[in-house]
Amino acid sequence: MSNWISQTFPNVIYQGWTGDTGWWTAIVQTIYMTFWSAIFGGILGLIFGIGLIVTAPDGITPNRTLYWILDKVVSIFRAVPFIILLAFIAPVTKAIVGTQIGTAAALVPLSLGVFPFYARQIQVALSEVDHGIVEAAQSIGATFTDIVFGVYFREGRSEIIRVSTVTLISLIGLTAMAGAIGAGGLGNMAISYGYNRFATDTTVVATLLVLIFVLIVQLVGDWLAKRLNHK
């Protein structure tokens with residue numbers, strides 16, 4: 001069995017498990033980029049998503065100007081391809097992090113790349129909350145915070161989990177793309193040490209590991225969505 005593995009995956013074995021080019025290093029880098037980008041981009045996406053809902057014409061605090069600004073910012077960032085965004089905000093990335101390459105530098109474009117997608121997802125998820133429940137809360141004097149967290153988040157929690165799962169899966173794909181241009185992770189492993197060196201086995205294993213990450217996120221997200229569904 002060991003002979004078959006060494007003959008079938010020679011480049012995978014050559015990369016090793018640890019070290020700067022090791023598989024464990026690539027896995028940790030992918031998790032690092034996904035986790036922190038999800039936190040920063042997720043918070044920004046939540047702010048914009050909630051803002052779009054509450055300032056909409058039928059929202060709890062209608063504001064046409066603010067809604068237009070939020071909507072255009074989200075639309076513009078969503079329209080920019082991620083690979084172009086990486087290059088476009090490179091000066092901003094360097095100003096914030098001090099470098100344009102590496103996993104830490106990738107957090108800036110990854111967060112800005114995922115937040116508009118998540119904002120739209122949150123907007124759609126919260127828009128499906130029964131407006132009658134929102135009106136009932138307003139009629140009994142519920143505050144802005146009570147309605148957002150007690151009505152929108154409570155009633156839409158299952159759908160929020162689902163859209164968060166979709167966003168995380170999309171983010172994993174973005175980390176692979178960022179890795180292809182020097183950010184590290186499994187994307188870098190697949191391109192730099194696999195495709196560019198004609199090491200097909202390295203590319204295949206890196207791809208399989210990304211698919212495993214996606215499968216885990218999907219399974220956990222589906223389980224949480226069903227568990228938190230109060231309907």
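## Pocket, patch and salt bridges in an all-helix model

Helix H3 supplies ten residues to the lining of the largest pocket, the largest share of any element. The model is predicted.

**The pocket**

The volume of this largest pocket is about 540 Å³. Its lining counts 25 residues. Nearest the centre lie Thr34, Ala38, Ser164, Leu168 and Val217. Four helices each give at least two lining residues: H3, H7 (103-127), H10 (157-183) and H12 (200-228). What is the class make-up of the lining? Nonpolar residues number 17 and polar residues eight, and there are no charged residues.

**The fold**

The protein chain holds twelve helices and zero strands. Read from the N terminus, the order of elements is α-α-α-α-α-α-α-α-α-α-α-α. The C-alpha trace spans about 70 × 40 × 25 Å along its principal axes. The chain has 231 residues, and 40% of them are buried.

**The nonpolar patch**

A nonpolar patch of about 750 Å² lies on the surface. Its members are Ile31, Tyr32, Phe35, Trp36, Ile39, Phe40, Ile43 and Ile47. One of them, Ile43, sits in helix H3, which covers residues 23-54. Is Ile43 buried, partly exposed or exposed? Its relative accessibility is 48%, so Ile43 counts as partly exposed. Helix H3 also supplies ten residues of the pocket lining.

**Two salt bridges**

The whole structure contains two salt bridges. The table sets out the pairs.

| Pair | N to O distance | Burial |
|---|---|---|
| Arg120 and Asp71 | 2.7 Å | both buried |
| Arg162 and Glu159 | 3.6 Å | Arg162 partly exposed, 35%; Glu159 partly exposed, 26% |

Take the pair of Arg120 and Asp71, whose closest N and O atoms are 2.7 Å apart. Arg120 belongs to helix H7 and Asp71 to helix H4 (residues 64-79), so the pair ties together parts that are 49 residues apart in sequence. Both residues, Arg120 and Asp71, are buried. Helix H7 is also among the helices that supply at least two residues of the pocket lining.

The pair of Arg162 and Glu159 lies within helix H10. How far apart are these two residues along the helix? They are three residues apart, so about one helical turn separates them. Their side chains meet at 3.6 Å, N to O. Arg162 has a relative accessible area of 35%, which makes it partly exposed. Glu159 is partly exposed too, at 26% relative accessibility. Helix H10 likewise contributes at least two residues to the lining of the largest pocket.

**Helix H12 and the segment after it**

Asp201 is in helix H12. At 10% relative accessibility, Asp201 counts as buried, because buried means under 20% relative accessible area. Asp201 and Val217 are 16 residues apart along the chain, and their C-alpha atoms are separated by 25 Å. Val217 is one of the residues nearest the centre of the largest pocket.

Asn229 comes in the segment after H12. With a relative accessible area of 33%, Asn229 is partly exposed. How many residues separate Asn229 from Arg154 in sequence? The two are 75 residues apart in sequence, yet their C-alpha atoms are 9.7 Å apart in space.

Methods
Residues numbered from 1 in each chain as written. Predicted model: local features only at pLDDT ≥ 70, side-chain atom pairs only at ≥ 80, totals over all residues. Heavy atoms only, no water. Patch = residues over 30% accessible without salt bridge, like charges linked within 9 Å, V, L, I, M, F, W, Y side chains within 5 Å. Areas by Shrake-Rupley, 256 points an atom, 1.4 Å probe, with all protein chains shown as cover. Salt bridge = Lys/Arg side-chain N within 4 Å of Asp/Glu carboxyl O. Buried < 20%, exposed > 50% of the residue type's maximum accessible area, 1.4 Å probe, protein only. 1 Å grid on protein atoms, 1.4 Å probe; cavity = no way out; pocket = protein on both sides within 12 Å on 5 of 7 lines; lining within 4 Å. Points joined across faces, edges and corners; volume = space filled by probe spheres on them. Nonpolar A, V, L, I, M, F, W, Y, C, P; charged D, E, K, R; others polar.
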